[in-house]
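Notebook open, model loaded. I want to go through the fold, the core and the charged pairs, and jot down what I find.

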Amino acid sequence: MILTSTGSQLRRVASKTQRLTASITRPLARLTEAVAGVSREGLEAGASQVVLPAVGRDEFGQLAAVFRQMLETLRRQWDALRRLDHFRREAVSNLSHDLR
């Protein structure tokens, strides 16, 4: 009887431990995938497609929200840089044409 009760308690503890571990590792894995997507693909090659879903109000949720803000800032800066580069190339092309 005692062994059955102990086995049942161990299964419950193991189940709770599994759920707790999953609640920590799943959001962390999502964030890791998003960061890897940005670093692997780069902003030009498609990091604009990286999406990080909201994961809650805990520390992981806060970290994900800050990451989303950072990614949006990077996207805006990348777009501005691309526009400036386009204008620079156009100016150089116009200048070289005028010098001929």
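**Entry 1: a charged pair to begin with.** I'm working with a predicted model, so everything here is computed from that. I went to Arg75 and Glu72 before anything else; their side chains meet in a salt bridge, 3.8 Å from N to O. Why do these two sit about one helical turn apart? Because they are three residues apart in helix H2. I then looked up how covered each partner is. Arg75 has a relative accessible area of 19%, so it counts as buried, the cut-off being under 20%. Glu72 comes out partly exposed, at 35% relative accessibility.

**Entry 2: further along H2.** I checked Arg82 next and found a salt bridge with Asp79, with 3.4 Å between the closest N and O atoms. The spacing is again three residues in helix H2, which means about one helical turn between Arg82 and Asp79. Arg82 is partly exposed at 44% relative accessibility, and Asp79 is partly exposed too, with a relative accessible area of 31%.

**Entry 3: Arg88 and Asp85.** Here I read off 2.8 Å, N to O, for the salt bridge between the two side chains. On burial, I noted 46% relative accessible area for Arg88, which is partly exposed, and 28% for Asp85, also partly exposed. Arg88 and Asp85 are three residues apart in helix H2, so about one helical turn separates them. I also looked for shared partners: Glu72, Arg75 and Arg76 are joined into one network by salt bridges. My tally of salt bridges comes to five. A reminder to myself: side chains of opposite charge can pair when their charged atoms come close.

**Entry 4: stepping back to the fold.** How many helices and strands does the protein chain have? I get two helices and zero strands. Of the 100 residues in the chain, 16% count as buried. The chain exposes about 8200 Å², and 59% of that is supplied by carbon and sulfur atoms. I also looked at how far apart in sequence the contacting residues are: taking contacts between residues at least 6 apart, 54% join residues at least 24 apart.

**Entry 5: the core.** Which residues make up the largest nonpolar core? I listed eight: Leu31, Ala34, Val38, Val50, Leu52, Ala64, Phe67 and Leu71. Helix H1 (2-41) and helix H2 (59-99) each supply at least two residues of it. The general background is that nonpolar side chains tend to be buried together in soluble globular proteins. I picked Leu52 from this core and looked up its contacts, leaving aside neighbours within four places in sequence. Leu52 touches Arg30, Leu31, Ala34, Ala64, Phe67 and Arg68. Among these partners, Leu31, Ala34, Ala64 and Phe67 are themselves on the core list.

**Entry 6: a glycine in H2.** Is Gly61 buried or exposed? Its relative accessibility is 7%, so it counts as buried. Gly61 is found in helix H2. I then took the C-alpha to C-alpha distance to Pro27: 8.0 Å in space, for residues 34 apart in sequence. Pro27 falls within the 2-41 range of helix H1, so I wrote this pair down beside the core entry.

Definitions and conventions: Residues numbered from 1 in each chain as written. Predicted model: local features only at pLDDT ≥ 70, side-chain atom pairs only at ≥ 80, totals over all residues. Heavy atoms only, no water. Core = buried A, V, L, I, M, F, W, Y, C linked by side-chain atoms within 4.5 Å. Buried < 20%, exposed > 50% of the residue type's maximum accessible area, 1.4 Å probe, protein only. Helix = DSSP H or I, 4+ residues; strand = E, 2+ residues; numbered from the N terminus. Contact = heavy atoms within 4.5 Å. Areas by Shrake-Rupley, 256 points an atom, 1.4 Å probe, with all protein chains shown as cover. Salt bridge = Lys/Arg side-chain N within 4 Å of Asp/Glu carboxyl O.
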